[in-house]
Amino acid sequence: MKKKVYIETYGCQMNVADSELVATILNGEGYELTKDINSADVIFVNTCAVREHAEQRVLSRLDYFNTFKKKKPAVKIGVLGCMAERMRQSIFEQKPFVDIVAGPDSYRNLPQMIETTESGQKAVNIILSKEETYEGILPTRYDSNGLSAFISIMRGCDNMCSFCIVPFTRGRERSRSVDSILEETSQIVKDGFKEITLIGQNVDKYIYKDVNFAKLLALVADEAKDLRIRFATSYPQHFTEEVVKVMADKPNVCHYIHLPVQSGSNRMLELMKRGYTREWYLDKIKMIRDYVPDAAISTDIIAGFCGETEEDHKDTLRLMEEVAFDYAYMFKYSERPGTYAAKNLKDDVPEEVKLRRLNEIIALQRQLSEQSNIKDVGKTFKVLVEGVSKKSKDEFFGRNSQNKVIVFPKGNTKKGNLIDVKVTGYTSATLRGEII
Ligand code: SAH
Ligand code: F3S
C-alpha cells in the first residue's frame, strides 16, 4: 500500500508552488497525497520565515502534528521551506519529535530523506543551490481551484533588502529556461485552466539567455491566448516600461500590478536598502497609469522599521494617498536574525507605536480601497467566475482583470466562464454586481 503524505503550506505563492513540486516528487516515488491528516504516514509543513509571528504559528502547529505521532509512532514529521533553512538543526532542539528538516532547494531528496528516518534517524538537507530550478518536474496542482495555475519562473533573491530573510532562506537568484516555462504553459492550457500567474520573488530580474521578463511575459501570453496572465512580484527598482507596454498590448495580460513600496520616507528606504526613492516610485506609478490607465496597483508596507520617526510614518501615509493604492498588504516590522538590519540597526520603535502606526496605515488603506471601489460602480468588467460565494449559495464570486473580487447573483453562468458583470454596489473589501 502506498504511504500517505499530508502537506500544509504557509506563506507566499512560491511556497504553494513548491508544495506542488513536492507532491510530484513524492508521487513519482510511490507516495500518495492525502487531505486527511488522520490517515497520514508523513506530515509535512512548508513554512515561511519572513516574520516571527509566522514562525510561532508553525511551531505551535508542530505540537498539534505531534499528537498524531503519539497515536501512531511510525508517523514522520517534516519541516520544509524557509523556516527549515533559517532554523536548521535548532528545530530538533525545540521540537525533538521532528524527523526531517528540508530547505527549499532540497526537495528532490525528500524520498531518500524519508527513507533515512525509517530507522529512527533524523534527516537534514539545507544546502542552497545556485542552479536548482526543479526543471523537468511538472507541479501537481492538488489544491488549486482548477482555474488558476502558478508557474514559478525564477527562484531566490539577490536584492538583500536590509529587513528581509528571504535571500538567506531561498538563496541566489536563478531563472528557469524559457522552453520549460512554455512547456508548462501549454500543459496548463491543455489541462483546462483559465488563468496563469508567473511568480518569483522579483520577476523583473528574470533573465534567460536574451529573454528578459517582458519578453517572457509576451511569449507566455501568446502561448496561452485564451487564458488570463498575471505576475508577481514586481520590484520598483527593476520594473520596466517594456513590461508595462506588454500589459497594454496583450489583451490577456491582466491590468494589475503588485509593486511593494515598504515606506514613503526616503530615509527609511535608504536604511531598508531598497535602491529607489519615493520620487522614483511615484514616477513608476505615473508610467503605469500613462500606459494602462485602468490598472489596479497594490503594495506592501512595513510599519515601525528601525529608527522610523513620526515624520517618516507620515511620509508613508502621504505616499499612500498620493498613489491611492487599490489594495495593500501591511505589516509591523519584525526583526529577523542574521539580516543586515538585525546586525547593524536598532529595532527601536516601541511595540505599541508600531501597532498604532500599523493601525493608521490599515485605516487609511480601508478608505483608499473604498474610494477605489466607488469609482467602479456603473462600470462593466469581464469577470472569471471562480465559485459560489461564501456568504450565499445563490451567488457566484469572481475577479476582474484588476484582481478585484465581484459578487453577483448566479444567473445562467457557471464556474470557469468569463462573463460581463456590471458593478452595482460596493464595500471596502468587495464589489457587488449583476450579469449583463
Ligand atoms: N519579493 C517578495 C517579498 C517577500 S516578503 C515577494 O515575492 O513578494 C513579502 C513582504 O513581507 C515584503 O514585501 C515586506 O513588506 C514584508 N516583510 C519582509 N520582511 C519583513 C520583516 N522583517 N518584517 C515585517 N515585514 C516584512
Ligand atoms: Fe525580500 Fe527584498 Fe527580495 S523584500 S524577497 S530581499 S526583493
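Two strands count as paired if DSSP finds at least two bridges between them. Keep that in mind for this predicted model.

**Exercise 1.** Work out which sense strand β1 and strand β2 pair in, and which hand the crossover between them has.

*Solution.* Start with the bridges: β1 (residues 3-9) and β2 (residues 31-33) share 3 of them, so they pass the cut-off of at least two. Their sense is parallel. For a handle on the register, look at V5, whose bridge partner in β2 is L33. Now trace the chain: it leaves β1, goes through helix α1 (residues 13-27) and arrives at β2, making a right-handed β-α-β crossover.

**Exercise 2.** Find how many bridges join β1 to strand β3.

*Solution.* β3 covers residues 42-47, and 5 bridges tie β1 to it, again in parallel. One spot to check is E8, which has V45 as its bridge partner in β3.

**Exercise 3.** Decide what keeps C12 and C306 out of any disulfide.

*Solution.* First, the whole structure turns up 0 disulfides. Next, take C12: its nearest cysteine sulfur belongs to C48 and sits 6.5 Å away, and the cut-off is 2.5 Å, so no disulfide is counted. C306 has C161 as the owner of its nearest cysteine sulfur, at 13 Å, so the 2.5 Å cut-off rules it out too. As for surroundings, C12 is partly exposed at 36% relative accessible area, whereas C306 is buried at 3%.

**Exercise 4.** Sort the shell around ligand 2 by residue class.

*Solution.* List some neighbours, among them C157, C161, C164, Q201, Y235 and R274. The tally is 8 nonpolar, 2 polar and 1 charged.

Conventions
Residues are numbered from 1 along each chain as its sequence is written. Chains are lettered from A and ligands numbered from 1 in the order in which they are written. This is a predicted model: local features need pLDDT of at least 70, side-chain atom pairs count only at pLDDT 80 or more; totals for chains, interfaces and linings use all residues. Side-chain values use heavy atoms; hydrogens and water are left out. Helices (H or I, at least four residues) and strands (E, at least two) are DSSP runs, numbered from the N terminus. A crossover is right-handed if, with the strands pointing away from the viewer, the path from the first strand over the helix to the second runs clockwise. A residue is near a molecule or strand if one of its heavy atoms lies within 4 Å of it. Ala, Val, Leu, Ile, Met, Phe, Trp, Tyr, Cys and Pro count as nonpolar, Asp, Glu, Lys and Arg as charged, and the others, Gly among them, as polar. Buried means under 20% relative accessible area, exposed over 50%, partly exposed in between (1.4 Å probe, protein chains only).
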